[in-house]
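Thanks for sharing this one. Here are some notes to read alongside the structure, starting with the sheet and moving on to the helices.

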Amino acid sequence: MVNAKKTNAIPDEQFAQNFRSLAAQIKTLSRQLRPFEGADVVSLLRTGGLASGSARHHWTTRAGTKRFLEAWTWSALISTVFRFPFTIFGKEGQGANNLWMSLFHTNQHSGWPCPSLSSETWRQATMEQLVSLVDQDIVTKGKEKANYLWLEDHLVVARAEIADYIASGLSVITPTVDRAQVRQIIDKSFTLAMQMALQRPRLQVTFPRVGAEINSGQMSFDGEEEEEGPEDGIVAVVVNPGLTKWGDAHGEKYDHRYDIVRALVQFEKPAEGMYGVSLI
């Protein structure tokens, strides 16, 4: 058996920086897309994920369309790369995901087990073992080799499928998709997902549901109450998810939630309409 290489803990500040770098790359892609004239972007791509439940009028302006493309790209990544800790390994990773959920039960709203010392110890140790079996440059850079090992092959296929899903989806609404930028997003996403799964604390990409009450501890706002957030209101639009941590480097406090990066949302007050836009 190959011995898993122990991974050093990554500070929250570094995770925040890496997450924001990915967010910036996604935002750049969404701003550079030029949809076909007259294209109904929302109908063609369909709402789901972050956009699920949002009123259509939030996406119909030019700025709203850009935010929708941003939310759509994030949703694609959340449903694939960040779906579960071992998803980057494709079909082989799904087996580890299923076993993890079966061993520790799936009673969190996202389908993950509730974070605990046992569930996160198993997840970290298993991920360390899997990562030790592959060339990490394939994860982080999409390195090409003449011959891939069996697990590397599944990793390569997973990367290609997700990149093609995003590029093909966007090609429905625009004549040009910068596939080089898509590959950069995949590089950053796979790197971040690997780093998250190798940590002792639970790290998870999270986002509030549309219609949820605003929470300044989990959401970021821009407006009159920029420092502390508004006193009341509901989530109207989710543009970017957040990055959330449970537990610490000592294997304790798994009942404590800490939002390393808060979700990017727009909110509204009942009968008053849109109130503000958050900033990561």
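In what order do the three strands of the open sheet stand, and with which pairing? Please bear in mind throughout that this is a predicted model.

1. The strand order is β1-β4-β5, and the pairing in this open sheet is antiparallel. The edge positions belong to β1 (202–206) and β5 (257–261); each has a single partner strand, so one side of each is left without a neighbour in the sheet. On average, neighbouring strands here are turned by 30° against each other, direction ignored.

2. For a closer look at one strand pair, try β1 and β4 (residues 242–246). These two strands run antiparallel and are joined by five bridges. If you would like a landmark, find R202, which stands opposite W246 in β4.

3. Next, the helix on the sheet. Helix α1 (residues 12–32) lies across β1, β4 and β5. Its direction makes an angle of about 50° with β5.

4. Now to the helix pairs, beginning with α3 (residues 62–79) and α7 (residues 150–171). Their axes are 10 Å apart, and the helices pack at an angle of about 150°. Since angles over 145 degrees count as roughly antiparallel, that makes α3 roughly antiparallel to α7. The crossing of α3 past α7 is right-handed.

5. Which residues make this contact between α3 and α7? From α3 come L69, W72, A76 and L77, and they meet Y165, I166, G169 and L170 of α7. Sorted by class, this contact holds seven nonpolar residues, one polar residue and no charged ones.

6. Helix α7 also has a contact with helix α8 (residues 179–197). The axes of α7 and α8 come within 10 Å and cross at roughly 130°. That angle makes α7 oblique to α8. Here, too, α7 passes α8 in a right-handed crossing.

7. On the α7 side of this second contact you will find L155, A158, R159, I162, A163, D164, I166, A167 and S168. Their counterparts in α8 are R179, V182, I186, D187 and F190. The class count is nine nonpolar, one polar and four charged.

8. One residue deserves a second look when you turn the model: I166. In α7, I166 is among the residues that meet α3, and I166 is also listed among those that meet α8. It may help to set the two class counts side by side: the contact of α3 with α7 has no charged residues, whereas the contact of α7 with α8 has four.

Terms used: Residues numbered from 1 in each chain as written. Predicted model: local features only at pLDDT ≥ 70, side-chain atom pairs only at ≥ 80, totals over all residues. Heavy atoms only, no water. Axes fitted to C-alpha atoms, helices over the stretch in contact; angles between N-to-C directions. Helix = DSSP H or I, 4+ residues; strand = E, 2+ residues; numbered from the N terminus. Parallel < 35°, antiparallel > 145°, perpendicular 65-115°, else oblique. Left-handed = near helix turned anticlockwise from the far one by under 90°. Contact = heavy atoms within 4.5 Å. Nonpolar A, V, L, I, M, F, W, Y, C, P; charged D, E, K, R; others polar. Pairing = 2+ DSSP bridges.
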